[in-house]
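Q: Please take a close look at one helix-to-helix packing in this model. Describe the geometry first, then the residues that meet, and then place it among the domains.

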Amino acid sequence: MQILSIDKVKPGDVLGKSLFNHRGDLLLASGYELTRDMIELMQGRGIRYIHVLTEAAKDINPQQVISDTVRRMANREMSELVESLGECEEEFKHASVEEIKQRIEDSEKLKNVVKMPTVRRVVVKILEEILDNPSVMFSSIRMRAEDGADYEHAIDTTVLSILIARAFRYSYSDLRTLATASMLHDIGKVILGPMRRKPPMELNGDEKMILREHPIYSKLILQENAVDTFVEQITMLHHHEQHDGSGYPQGLKGCGRPPVKTRGEDIGYIHRHAEVLAVANVYDNLTTGAYNGRVHSPNDAITALVNGRAGTWNPYVVRALVKCVECFPVGITVRIVDNYSKRFLGYRGIVAKSNSEDQSKPSIILTHNTTGTEIVPRLIDFSDEKFMEIEIELWRRVMARRVSRRHLPADSARQSLAFPASAPAVLYIP
Ligand SMILES: [Fe+2]
């Protein structure tokens, strides 16, 4: 299957992966032939890209870090938590930072809002699946609806935190603590209502100040719900602290060492779990547009983290992140910009297999030549190239749109979409 930007999906295209709502109910089953109404429904829900079955990509099956079953369970439980927190937002409207902190401690509603056994059950399920699959990499290109942004961010940040921490040989118990903190790190933001979704440039001074304290609110909420979570609370409290001390809310610095257990407690520095969580959090925000309103490609997001454009973070953690995310996710369409042998320059194709040694040299099923003409698909392994530069079509178009202000001429790219729809099993709930 192939990953397509939703604006390139056409009626008649065949859905490659099932679509579920926040309760885990099936909306559209894989194999379904899409209609215009359904495509518009998905666009309306803020879904940016979907998996589509195409003839050229029929043998491509992108790996998943966690199964649909566990993701649906996590979606269901976390969306309930977000909903319950959202019901408390009235109590915090028009309140100052200090009032918010006090009201969290006084609120009766907030006292039983986090069901720790449920959160732990979700975390353990995710953890078990990841530990069972040692070589799996994180793909940041997934069907994700905007109305589920809060809990989908929590789940993906958790998954990524675990993958990064695995590189530092975290013990099972440390992984569980980190994962729990990752899952809950922004609960203090959810109680702030719609303000939390505003792009940073649209926030006024007061709102900025209130939002910058959300790690404290998160800590306080957890403290009110589970007293035996000291390390989780500290991890949540530090998740926006930056290595050079420019983060918030306390302006702590990083100690400059890998986040391994032997480095000890590091009093006065950012907690090692928080250094992992912070990088996972920023990476997810960059690739979903929550960081600054611009959706970064995986490659761009990594570059921004490495060169400090997206904040300063523990460099060991950033290096570990680079090894566990797919820069060019399997199923994505890429264009060959340059390579050593000058083979297939300007051709387009679909990434069929990642190359863990050098992600810029994957195996690609070429589908279009340099003039954009469709060709008989053929699989080429580029791992032998001395150097190679490829770019993701999805972001090339996004960038082109930005450059040419609002509109480009109608999409000129043609896709091979002749794959016939098989009889679909579908339960469609608008
Ligand atoms: Fe946050």
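A: In this predicted model, helix 5 (residues 149–166) packs with helix 11 (residues 272–288) at an angle of about 130°, and their axes are 8 Å apart. Helix 5 is therefore oblique to helix 11; angles over 145 degrees would count as roughly antiparallel, and 65 to 115 as roughly perpendicular. The crossing of helix 5 past helix 11 is right-handed.

On the side of helix 5, the residues in the contact are His153, Asp156, Thr157, Leu160, Ser161, Ile164 and Ala165. Helix 11 meets them with Val276, Leu277, Val279, Ala280, Asn281, Tyr283, Asp284 and Thr288. Sorted by class, this contact of helix 5 with helix 11 holds eight nonpolar, five polar and two charged residues.

As for the domains, the assignment divides the chain into domain 1 (2–53), domain 2 (68–324) and domain 3 (333–403). Both helix 5 (residues 149–166) and helix 11 (residues 272–288) fall within the bounds of domain 2.

Domain 2 also touches domain 1, and the C-alpha centres of these two domains lie 28 Å apart. Domain 1 gives 13 residues to that contact, and domain 2 gives 13 residues. On the side of domain 1 that touches domain 2, the elements giving two or more residues are strand 3 (19–20) and strand 5 (49–53). By class, the residues on this side of domain 1 are six nonpolar, four polar and three charged.

Definitions and conventions: Residues numbered from 1 in each chain as written. Predicted model: local features only at pLDDT ≥ 70, side-chain atom pairs only at ≥ 80, totals over all residues. Axes fitted to C-alpha atoms, helices over the stretch in contact; angles between N-to-C directions. Helix = DSSP H or I, 4+ residues; strand = E, 2+ residues; numbered from the N terminus. Parallel < 35°, antiparallel > 145°, perpendicular 65-115°, else oblique. Left-handed = near helix turned anticlockwise from the far one by under 90°. Contact = placed C-beta atoms within 7 Å. Nonpolar A, V, L, I, M, F, W, Y, C, P; charged D, E, K, R; others polar. Domains from an automatic or database assignment.
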